[in-house]
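Have your viewer open and your selection tool ready. We will go from stop to stop, and each one tells you what to pick and what you will find there.

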Amino acid sequence: EGEARGRTAEAAAVALRQLNRRCGPLSEATTARIQAMPLEQLEALTEALLDFSGPADLTRWLAQHTG
């Protein structure tokens, strides 16, 4: 379980670094929301963000894929 948490934390860190480059600085709320995602969802986000052109794309993705 510790290994899974480590992989999830690393996936969140990668996604956040890429999102900051693609979408600009993220709010604390958005950062926390991404850090709380399960690994499967983080992997989907990491793939989807390759097609993002700005923060609106992230907002739309989060609305569609998170509660």
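## Stop one: the nonpolar core

This is a predicted model. Start by selecting Leu19, Ile34, Leu45, Phe52 and Leu58: these are the residues with the most contacts inside the largest nonpolar core, a set of 18 residues. Next, colour α1 (2–23), α3 (39–48) and α4, the elements that each give two or more residues to this core. The largest share comes from α1, with 6 residues.

Now centre on Leu58. Setting aside residues up to four places away in sequence, Leu58 touches Leu19, Cys23, Leu26, Thr30, Leu45 and Phe52.

## Stop two: Leu26 in the loop

From Leu58, step across to one of its partners, Leu26. Leu26 sits in the loop between α1 and α2. Show its surroundings, again without residues up to four places away in sequence, and you will find Leu16, Leu19, Asn20, Thr31, Ile34 and Leu58 touching it. If you like a distance label, draw one from the C-alpha of Leu26 to that of Ala13: the two are 13 residues apart along the chain and 13 Å apart in space.

## Stop three: α3 and its neighbours

Select α3 next. Which of its residues are buried? They are Leu39, Gln41, Leu42, Leu45, Thr46 and Ala48. Turn on the other helices, and you can see these buried residues packing against α1, α2 (28–35) and α4.

Keep just α1 and α3 on screen for a moment. Their axes lie 9 Å apart, and the helices pack at an angle of about 25 degrees. Angles under 35 degrees count as roughly parallel, so that is how α1 and α3 run relative to each other. Their crossing is left-handed. For the residues at this meeting place, select Arg7, Thr8, Ala11, Ala12, Ala15, Gln18 and Leu19 on the α1 side, and Leu39, Leu42, Leu45 and Thr46 on the α3 side.

## Stop four: Thr66

Finish just past α4 (55–65), in the segment that follows it, where Thr66 lies. Is Thr66 buried or exposed? Its relative accessibility is 18%, so Thr66 counts as buried.

Show the side chain of Thr66 as sticks and look for two links. One is a polar contact of 2.4 Å with the side chain of Arg33. The other runs from the Thr66 side chain to the backbone oxygen of Leu62, at 2.5 Å. Beyond its neighbours within four places in sequence, Thr66 is in contact with Arg33, Met37 and Gln41. Gln41 takes you back to α3, where it is among the buried residues.

Conventions: Residues numbered from 1 in each chain as written. Predicted model: local features only at pLDDT ≥ 70, side-chain atom pairs only at ≥ 80, totals over all residues. Heavy atoms only, no water. Helix = DSSP H or I, 4+ residues; strand = E, 2+ residues; numbered from the N terminus. Buried < 20%, exposed > 50% of the residue type's maximum accessible area, 1.4 Å probe, protein only. Polar contact = N/O pair within 3.5 Å; in protein donor to acceptor, adjacent residues only side chain to side chain. Contact = heavy atoms within 4.5 Å. Core = buried A, V, L, I, M, F, W, Y, C linked by side-chain atoms within 4.5 Å. Axes fitted to C-alpha atoms, helices over the stretch in contact; angles between N-to-C directions. Parallel < 35°, antiparallel > 145°, perpendicular 65-115°, else oblique. Left-handed = near helix turned anticlockwise from the far one by under 90°.
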